[in-house]
Structure formats: structure tokens, C-alpha cells
Amino acid sequence: MPVTLKELAERAKVHPSTVSRVVNHDPRLRIAPATRTRIEALLRETEYRPNGVARGLKLRQTLVIAVIIPDITNPFFGALFRGIEDGAAPRGYQVMLCNTDGSPDRQRAHLNSLTARRVDGIILASSFLTDPSVRWLRHQRVPYALVNRFSDDALDPFVGSDDLTGGRLATQHLIGLGHVRIGHLAGQPTVSTGVLRTRGYLAALAEAGLAARPELQVESGFTEEGGALAAERLLSVADPPTAVFAVTDTAAIGAYGYARRVGLRIPKDLAIVGYNDIPLARRLLPGLTTVHVPIHEFGSAAVRLLLDQIDGGQLTPKQVVFTPELVVRGSTVGGLEEREGTGAVQPESTE
């Protein structure tokens with residue numbers, strides 16, 4: 001039989017509540033270091049695991065949170081979910097994962113199901129700029145946090161990057177290399193990441209005195225397939241671009257593959273910049289120049305925001321915004337691919 005809290009307390013010669021507070025990492029607990037060490041040694045020796053059902057009944061919680069993402073196949077969201085799980089597990093929470101495929105209807109269906117199951121909170125990475133689902137969560141007093149994307153309302157707890165600055169950094173880099181015809185594979189106008197990264201692109205062009213040519217801005221969405229189709233349209237105009245800034249790495253990889261298929265050399269014929277710095281970006285040959293954001297930290301920060309609400313019993317409209325950084329690789333500056341190391345893959349294999 002599993003060891004009980006009472007048995008552990010008897011062996012440690014302390015009250016059961018003291019053991020419980022050590023197990024739950026209660027910061028308010030004040031005990032002698034020797035006592036804490038003795039309890040922790042017993043916990044390791046017995047491989048004690050708290051009774052989640054009993055704890056949940058006592059706290060009137062399920063000890064389950066949910067994450068809603070738009071695309072389970074996108075590596076960005078895999079890394080994000082890992083950050084969320086790593087942040088939730090030490091606090092005794094399990095994490096459910098739901099995928100929407102970018103559909104508002106599926107998002108609403110998931111939210112209805114999750115609230116009916118009484119999950120303790122929801123992390124939403126699939127929100128839209130005008131999103132009634134977010135207002136509904138607030139009205140229902142369900143603890144929630146938005147991550148990577150936000151809605152129009154500043155009342156929302158949010159974790160993400162400064163996407164306008166990131167879009168500007170990417171475009172300024174290409175301008176600094178001498179490019180004047182710079183294309184943009186844009187995200188949807190209903191999603192904050194797409195809108196702000198496009199604004200950054202346009203701001204950098206304006207600051208450099210370059211005209212924003214509508215034919216060089218094509219909506220790709222956030223997938224490889226969308227990136228390839230958008231690149232095909234972009235490169236078929238009368239005066240095609242010599243460089244491209246893509247809204248995400250996955251869209252950039254799609255453009256990479258199309259450029260290679262039609263015989264273009266990267267970066268000599270076409271320079272490409274992505275956004276997010278997913279692991280595959282550094283494995284391409286040449287490596288993909290991209291805007292780095294701390295994806296894992298997005299997840300752990302979102303968990304902290306959410307659990308602070310659950311523990312405090314009230315909405316906390318706190319926003320955590322990370323500063324993006326440009327990572328220069330061989331897709332924009334020739335020769336860097338020779339220093340990328342081993343394990344590189346050709347972009348055609350990612351299509």
C-alpha cells in the first residue's frame with residue numbers, strides 16, 4: 001500500500017500538516033533546515049505521491065488545466081506545450097491539450113466542453129483579435145491566460161513577444177544587406193501575430209524610405225503549404241523580390257522549398273527570414289535567419305499567470321512581453337551555412 005501522509009509525519013516526528021506543506025512547497029512554512037531535510041529524505045525514500053483526488057476535493061479543484069492551440073502539427077506549439085507542462089507539473093497540475101485547426105467553432109466547442117468538465121483554468125493560444133470566446137471566459141469567471149496571441153481587450157492576461165519590434169528587426173536586417181524589393185509572407189489579419197509583424201515590416205520600409213508595394217505582400221498563413229503557395233505568387237510578379245520576411249518559420253520553410261524547386265539559390269537569388277526560431281530553423285542548409293522568441297518560457301510564464309489567478313481567486317490582467325532577438329544564419333548572409341554544424345536537412349524534405 002502507498003505510504004500515507006500520517007505515516008510520514010509519524011516517522012518524521014512532525015504534524016501531518018507540516019509534511020503536506022513541504023510536499024506542496026508552501027513558501028509560508030517556517031521550519032528548521034534539519035527538519036525539512038529529514039522530511040524531504042523520507043519523501044524520496046518512500047516515493048511519496050500526494051493523493052490528487054483527495055487534494056482536489058479539499059480545495060474544490062480538479063487540478064487539471066487545459067491548453068487550446070490552433071495547430072498541433074506546428075513545432076512552435078509543441079515547444080509551447082512542453083513549457084506549459086514543465087511549469088504545471090511541479091504545482092501538481094495535469095494538462096489537457098485541445099486543437100482547433102484555426103476554427104472559431106472548434107474553439108467554442110472546446111471551451112464549452114472544458115468548462116463543463118470544471119477544469120481549473122484555460123491557456124488559450126488560439127485566440128483572435130475580435131474574439132467573443134475571450135469575453136465569454138471573463139464573464140464566466142473562468143481563470144485563463146492568452147499566450148502568443150491576444151484579443152483587442154487590454155483586460156486579458158497575456159504572454160508573448162513584441163511582434164511589432166520583431167517584424168521591424170527582420171525587415172531592417174534585409175534592408176541593411178542592400179535589399180530594396182522585400183516581400184512579406186503575412187499572417188491572417190484576424191490574428192495579432194500576423195497584424196503586428198506586418199506592421200513591423202511596413203514600419204521598417206517607411207523608416208528606410210522604401211515604398212510598400214502591395215504586390216509584394218501575400219497572405220500565407222502560418223503553415224508550410226501556405227508559405228509555398230504564397231512564395232509562388234510572390235515570385236511570379238513582374239519585378240519579384242530579392243528577399244522575403246515570413247510571418248513564421250514554418251511559412252519560411254514552405255517558401256524555402258518552393259524557391260529550391262524553381263532553381264533559386266538561397267541567399268544569392270533569394271534571402272529569407274522567418275520568425276520564432278523553431279529547432280528546424282538551424283538544421284536547414286543554409287540555416288534559416290529568424291527572429292528568436294523564448295517559446296518554452298512563454299509556456300511556463302503562462303502557467304504562472306494562470307495559477308496565480310486560481311490561487312488568488314481573481315482575474316489578473318498582467319501582461320508578460322518578451323523582447324525578440326534576430327538570429328542571423330546562412331539564408332540571408334552567404335557562407336554562414338558552413339558554420340551551422342552537422343545534422344542539416346534540405347528544405348525539400350519538410351514539404
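Start with the cover over helix 1: helix 2 and helix 3 are among the elements that lie over its buried residues. Keep in mind that this is a predicted model.

Select residues 5-12, helix 1. Leu8, Ala9 and Ala12 are its buried residues. They span an arc of only 100° around the axis, so they sit on the same side of helix 1. Residues three or four places apart in an α-helix point the same way, because a turn takes 3.6 residues. Now rotate to the face turned away from the buried side. Exposed Lys6 and Glu10 are there. Step on to Lys13, which follows helix 1 and has a positive phi, near 60°.

Next, show helix 2 (residues 16-23) with helix 3 (residues 33-46). Their axes come within 10 Å and cross at roughly 75°. Angles of 65 to 115 degrees count as roughly perpendicular, and helix 2 and helix 3 are therefore roughly perpendicular to each other. For the contact, pick Thr18, Val19, Val22 and Val23 on helix 2, then Arg36, Ile39, Glu40 and Leu43 on helix 3. By class, that makes 5 nonpolar, 1 polar and 2 charged residues.

Move to the sheet. It is open, with 6 strands in the order 2-1-3-4-5-11 and parallel pairing. Strand 2 (94-99) and strand 11 (319-322) are the edges, each pairing on one side only. Neighbouring strands are turned by 15° on average, direction ignored.

Zoom in on strand 5 (residues 158-161), which pairs with strand 11 over 4 bridges. Ser161 has Phe322 of strand 11 as its bridge partner.

Finish with helix 5 (residues 75-88), packed on the sheet. Helix 5 touches strands 1, 2, 3 and 4, and its direction makes about 160° with that of strand 2.

Technical notes: Residues are numbered from 1 along each chain as its sequence is written. This is a predicted model: local features need pLDDT of at least 70, side-chain atom pairs count only at pLDDT 80 or more; totals for chains, interfaces and linings use all residues. Side-chain values use heavy atoms; hydrogens and water are left out. Axes are lines fitted to C-alpha atoms, for helices over the stretch in contact, and angles run from 0 to 180 degrees between N-to-C directions. Helices (H or I, at least four residues) and strands (E, at least two) are DSSP runs, numbered from the N terminus. Angles under 35 degrees count as roughly parallel, over 145 as roughly antiparallel, 65 to 115 as roughly perpendicular and the rest as oblique. Contact means heavy atoms within 4.5 Å. Ala, Val, Leu, Ile, Met, Phe, Trp, Tyr, Cys and Pro count as nonpolar, Asp, Glu, Lys and Arg as charged, and the others, Gly among them, as polar. Buried means under 20% relative accessible area, exposed over 50%, partly exposed in between (1.4 Å probe, protein chains only). The arc is that of the directions from the helix axis to the C-beta atoms. Two strands pair if DSSP finds at least two bridges between them.
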